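Trainee: I would like a close look at one part of this model. Please pick a strand and walk me through its surroundings, step by step.

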Amino acid sequence: MITPVLQVRFYISGTGTEPVRDWLKSLSATERKIIGEDLKTVQLGWPLGMPLVRKLDKDLWEARIHLEGKIARVLFTANEGVMVLLHGFIKKSEKTPKEDLALAKRRLGEVRS
């Protein structure tokens, strides 16, 4: 078995919720499987670049996941062998929406502190 380069963790809010896990649960089993496989590719092959992973900002990357008829993004940070999933969403426009990016950056700040 291949040893993962990164351990995967979900961001946990101050109230104890795991927004990315909750978002994943709202998707179909097929969509969850595709996202899981792509995140596993990141976990095993880190560091990766395009087309699967794109750097958005300092310590912030997006996993670019193609689902049936739509596109998903999982924004994450990776540091010292740990990948923290900060935010996940279905992409509806060309650019990553400012609100989604701001939310991921805010969660990144919480994870660092």
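Mentor: Here is a walk along strand S3, its partner strands, its aromatic rings and a helix beside it. Keep in mind that this is a predicted model.

Start with the strand itself. S3 covers residues 60-67. S3 is mostly covered, with 7 of its 8 residues buried.

Now look at the strand before it. S2 and S3 run antiparallel, and 4 bridges join them. Together S2 and S3 make a hairpin, with 2 residues between them. In that turn, Asp59 has a positive phi of about 60°. To place one pair across the strands, find Lys55, which stands opposite Trp61 in S3.

Next comes the strand after it. S3 and S4 also run antiparallel, and here the bridges number 7. S3 and S4 form a hairpin too, again with 2 residues between the strands. Gly69 in this hairpin takes a positive phi near 75°.

Stop at Glu62. This residue sits in S3. Is Glu62 buried or exposed? Its relative accessible area is 0%, and buried means under 20%, so Glu62 is buried. Across in S4, the bridge partner of Glu62 is Leu75. The side chain of Glu62 makes a polar contact with the side chain of Arg64, at 3.5 Å. The side chains of Glu62 and Thr96 are also joined by a polar contact, of 3.5 Å. What else does Glu62 touch? Set aside its neighbours within four places in sequence, and its contacts include Leu52, Val53, Arg54 and Leu56. Arg73, Val74, Leu75 and Phe76 are also among them.

Move one residue back, to Trp61, and look at the rings. A pair of aromatic rings is described by the distance of the centres and the angle of the planes. The model has 3 aromatic pairs. One of them is Trp46 with Trp61, an edge-to-face pair with 5.0 Å centre to centre and 85° between the planes. This pair links distant parts of the chain, 15 residues apart. Trp46 lies in the loop between helix H2 and strand S2, while Trp61 lies in S3. Trp46 is buried, at 17% relative accessible area. Trp61 is buried as well, at 12%.

Trp61 has another ring partner, Phe76, and this pair is stacked. Their centres are 6.1 Å apart, with 25° between the planes. Distant parts of the chain are linked here too: Trp61 is in S3 and Phe76 is in strand S4, 15 residues apart. Phe76 counts as buried, at 0% relative accessibility. Put the rings together, and Trp46, Trp61 and Phe76 form one aromatic cluster.

Finish with helix H2, residues 29-45. Check its length first. At 1.5 Å a residue, its 17 residues should span 24 Å. The end C-alpha atoms are 24 Å apart, which agrees. The buried residues of H2 are Glu31, Ile35, Leu39, Val42 and Gln43. Why do they line one face of the helix? Seen down the axis of H2, the buried residues fall within an arc of 105°, so they line one face. On the other side of H2, Ala29, Thr30 and Lys33 are exposed. What covers the buried residues of H2? S3 is part of the cover, and so are its partners S2 and S4. The cover also includes strand S1, helix H1 and strand S5.

Notes
Residues numbered from 1 in each chain as written. Predicted model: local features only at pLDDT ≥ 70, side-chain atom pairs only at ≥ 80, totals over all residues. Heavy atoms only, no water. Buried < 20%, exposed > 50% of the residue type's maximum accessible area, 1.4 Å probe, protein only. Polar contact = N/O pair within 3.5 Å; in protein donor to acceptor, adjacent residues only side chain to side chain. Contact = heavy atoms within 4.5 Å. Phe/Tyr/Trp six-rings, centres within 6.5 Å; stacked < 30°, edge-to-face > 60°. Expected span 1.5 Å × (residues − 1). Arc of directions from axis to C-beta. Pairing = 2+ DSSP bridges.
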